[in-house]
Structures are given as structure tokens and as C-alpha cells.
Amino acid sequence: MKSRTPKILHPIGGISMIGHALRAARALQPQELAVVVRHERDRVAEHVSGLDPRAVLIDQDELPGTGRAVQVALEGLDARAGSPVTGTVVVTYGDVPLLTAETLQHLVAVHDGEANAVSVLTAILEDPTGYGRIQRHEDGTVLAIVEHKDASPEQRAIREVNSGIYAFDAAVLRHALTQVDASNAQGEMYLTDVLAIARAGGGRVAAVVQEDRWQVEGANDRVQLAALGAELNRRTVERWMLAGVTVVDPTTTWIDATVVLDEDVTVLPGTQLHGGTTVARDAVVGPDTTLTDVVIGEGAHVVRTHGSGARIGAGASVGPFTYLRPGTVLGEDGKIGAFYETKNVTIGRGSKLSHLGYAGDAEIGEYTNIGCGNITANYDGVNKHRTEIGSHVRTSSNTVFVAPVRVGDGAYTGAGAVVRKDVPAGSLALSVAAQRNIPDWVAAKRPGTASATAAAEAPSAGTTTESPTSTPTEEKSTQA
């Protein structure tokens, strides 16, 4: 992958490749699920344990090869059980993210139903380069698997390939692994050698053909990873459309495998839904919207928005050009409008933050209207502080709330107010100075400019040197 990240930790559809593999394997409800680790052992182990705490982590030693990986896994499971494990052992890989639980269940059903010693999942490929080839007996059973590097020209012409996914009888597997050596072009213990050994011992070896080649495709570089991701997304989008979701343009819509959508949701072009995002019935998302771990209520509209870790109530509207940061909670029928940023803020039912502002570390009551350009100044350079604004409050344009501060229910603020003190319920908060007009300032300070010319040509409207913006009573009230 040419990456500092181990291959199986690379994500597609919002889940790492090993995460997809664990999901499919766990769906078999196995007695034990073992993950063999080696490269970047600690990182992989931590990731696996976070996804599936019940998974057994087993370290592969310095002996290379898939055969050795399975051998140490079996030895580890035997030791845990206190005796040799019995029954069916399924082997799969951490880099086949499109493999489904249904396919594994079918493999096990065929294996058990036919009492096979080994059952291998295979696929027919147009270009089988790089894959092990399936050699079949005339009765249809499998003679052996020949790795590509060890295959003759005739064997390389075979198009049926080994997926590397098997069901084994545990006793057969354990015995055969003792006979596998590393005398091959790779110098590795090939798990594929078990098939010929099992057959030589009288066991039946069968192939289960998987017609959907994508399920057995692995990713060894970022080109293959992108192809798998695109195919997974196509299937995910199609599945939601068949479940009653309108996706206007599937080619520009990306939906993680972890996202949940209700019937009659509409997803508009250029939308990406990631993580634990959920969207309720009749909501409309997009266009040009990216949401991660966002919960959207019934009938809400989210337009041209980037958001994460937010909750949007039923009937609410967000956007366009809105940035929802974690901790944003918008109540039912509320609004966060154009060019707004929110973080760690709770906004009550029916309240509106319509345009051009920032609300952070705040709590806003119900049916409050926050005017254009309002800001909660929540950071003093050292600590964050909260702003509390009550219900049915009306704030004028360009109000700044210097936290910590509280505004009571039904209060108002004047345009340009800087609110540094608590505002009692029903009060008007003002912080204004008398306006002064300086006559002929443009002619004196900007002579020859277009402004000076326009001013000189303007009809006289009368001038005053000072024009108060508030009554003396208001000034006194503000000072108080």
C-alpha cells in the first residue's frame, strides 16, 4: 500500500478492511474467532480488539506463509480449549472486504452437507493472473491448487482461481499441516498444499464457485482499494434505493456501510454520509453535503452543509454553507442558516440562527431569533465559557455575547450590542456611543477621489456635528 497504515486497517465504506472481514466471520456465530497478527502487530491488535473484543489474537512467528498462519491459529485455539478443537474450521482473510456472511454460510453448509474434508471458495476470472489455479478431477472434485508462480503455462491457462477462503475438517487440517513444507518458489508454507494432502489421505475436496467475483477480490494497492470502495458504495446506494430511499444521482453519492436511512429520505447530488449518520423519514439531504455521525430528524432539510457529531431535530432546516461541529443540537422546527458555524450548542425548538454568525459553548431556548452576524465570544484566551440565551429572545444584528453571560427570556438586544453582563428577562440590552459626524472630512482627507467628487456634487441635506443613536433614557439604562 506504500503507507504507514497496515493494509488491513485501510478503510472502505467507513469500515476498515479487517472490520468488514470480522463482520462476515462473526455472523457465522463461531465458537471462537481467531485473528492471526504479525505486521504492525500492536496497531492491528488494538484495532481488532476495539471492533470485536471477543476475537482471539494469535501471533504468527518468523515462519512465513498462510499455512503457518493457520497452524499457529489452530495451535492457539487447541491450547485455549485444553484439547484439540473439532468440527469445521473456516479460514478467511483480512483484505476481502466485500465478502458477505451469506457466502460464508453457504460455504459451510455445502462443506457440512457433503461431509467434505476441505471445501474451497473459487471464482472464474477473465484475467486470473496472480491467483492460484484450481485443478479439478474429472468427477468435479479438486485435485490441487497451484500457485501462479509455480504453475506451468498449461496450468496458468485455467481461469478458475482460489479465493483463499476455505472450510476444513479440523482433524484433517491439523494432520495435513504437519506435512506442509516450504519447498516452493516463495519459500513459504502454503495453505493450498493441504488440499492435495487431504485428498491423498482419502478425504473429499470440493470447490464452491462464487459467481460474484467482487466478494473474493482483495486489495494489495490503493488502485485495487479504490475499485473495491467504488463497488461497495454502488451496492450500498443501490440497496438503499431498493429500500425506499430516493438517491437523485448515485454516481456522486457516497454512503458508508454504517449509515442508516429511513424510507422516503431524499439524497441530492454530491452528498456523502459517513460513520453513524442516521436520517429519518421525509428528510432531504444535499446537494453538496458531507455529514459524519449526524442524526437527522423526520422532515428536516440539510443543504450544502459540512457537519459532524450533530443532532438535527424533526422539521428543522440547516444551510446552505453551514458548518456543524460536534455537540450541535438543533431542536424541532429550528433553523441554522447560511454561513453559520456552531459547536457544542443546544438550540431549542423553533429557534433560528439564520445567517452569518458563530454559536459555540451555548444554550439557546425555544422560539428565539438570533440576528445576523451574532457571535458568542466563548474563549478568553485561556478557558472556554458558556452563553445562556433564554426563550423568545430577539437579538439585533452584530450582537456579541462575551461569555460567561446569561440573557433572560423575552429579552432584546440592540444592533451592535456587546453583551458583557447578564440581561434580565424582558430587558433591552444596548451598548452604544453617540454618533459623531465630521463635516467635509472626505474633501480634506481624500481630495481628488471619486468620493470627494460625489460629495461635492451632492445636494445639501444639512449636516450636524453629532447625531445620537439613542435617547438619554436609553443611555442611562445601558449604563445602569
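Helix α1 passes helix α2 in a right-handed crossing. That's our way into this structure, which is a predicted model. From there we'll look at what α2 hides and shows, then visit a site marked in UniProt, and finish with some backbone oddities.

**How the two helices meet**
- The contact between them is made by I18, G19 and L22 on the α1 side, and by H47, V48 and L51 on the α2 side.
- The axes of α1 and α2 are 10 Å apart, and the helices pack at an angle of about 45°.
- That angle makes α1 oblique to α2, because angles from 35 to 65 degrees count as neither roughly parallel nor roughly perpendicular.

**The two sides of α2**
- Helix α2 covers residues 41–51, and V44, A45 and V48 in this helix are buried.
- Look down the axis of α2 and its buried residues fall within an arc of 100°, so they line one face of the helix.
- Flip to the other side of α2 and you'll find D42, E46 and G50, which are exposed.
- So what sits over the buried residues of α2? The cover includes α1 (17–26), along with strands β3 (34–37) and β4 (56–59).

**The site at H355**
- An unreviewed UniProt entry places the feature "active site" at H355.
- You can find H355 in strand β27, which runs over residues 352–364.
- Is H355 buried, exposed or partly exposed? With a relative accessible area of 35%, H355 is partly exposed, because that value lies between the 20% and 50% cut-offs.
- Leaving out residues up to four places away in sequence, H355 touches A338, Y340, G371, C372 and G373.

**Backbone oddities**
- Some background first: most residues other than glycine have a negative phi, and most peptide bonds are trans.
- G286 and P287 are joined by a cis peptide bond, with omega about 5°. P287 sits in the loop between β17 (284–285) and β18 (290–292).
- Another cis bond runs from A403 to P404, with omega near 5°. Look for P404 in the loop between β32 (400–402) and β33 (405–407).
- K2 isn't a glycine, yet its phi is positive, near 50°. K2 belongs to the segment before β1 (11–12), and counts as exposed at 85% relative accessibility.
- D333 isn't a glycine either, and has a positive phi of about 60°. D333 is in the loop between β25 (329–330) and β26 (335–347), and counts as partly exposed at 45% relative accessibility.

Note on methods:
Residues are numbered from 1 along each chain as its sequence is written. This is a predicted model: local features need pLDDT of at least 70, side-chain atom pairs count only at pLDDT 80 or more; totals for chains, interfaces and linings use all residues. Side-chain values use heavy atoms; hydrogens and water are left out. Buried means under 20% relative accessible area, exposed over 50%, partly exposed in between (1.4 Å probe, protein chains only). Helices (H or I, at least four residues) and strands (E, at least two) are DSSP runs, numbered from the N terminus. The arc is that of the directions from the helix axis to the C-beta atoms. Contact means heavy atoms within 4.5 Å. UniProt positions are given in the numbering used here, feature names are shortened, and annotations may be inferred rather than shown by experiment. Axes are lines fitted to C-alpha atoms, for helices over the stretch in contact, and angles run from 0 to 180 degrees between N-to-C directions. Angles under 35 degrees count as roughly parallel, over 145 as roughly antiparallel, 65 to 115 as roughly perpendicular and the rest as oblique. A crossing is left-handed if the near helix is turned anticlockwise from the far one by less than a right angle, and right-handed if clockwise.
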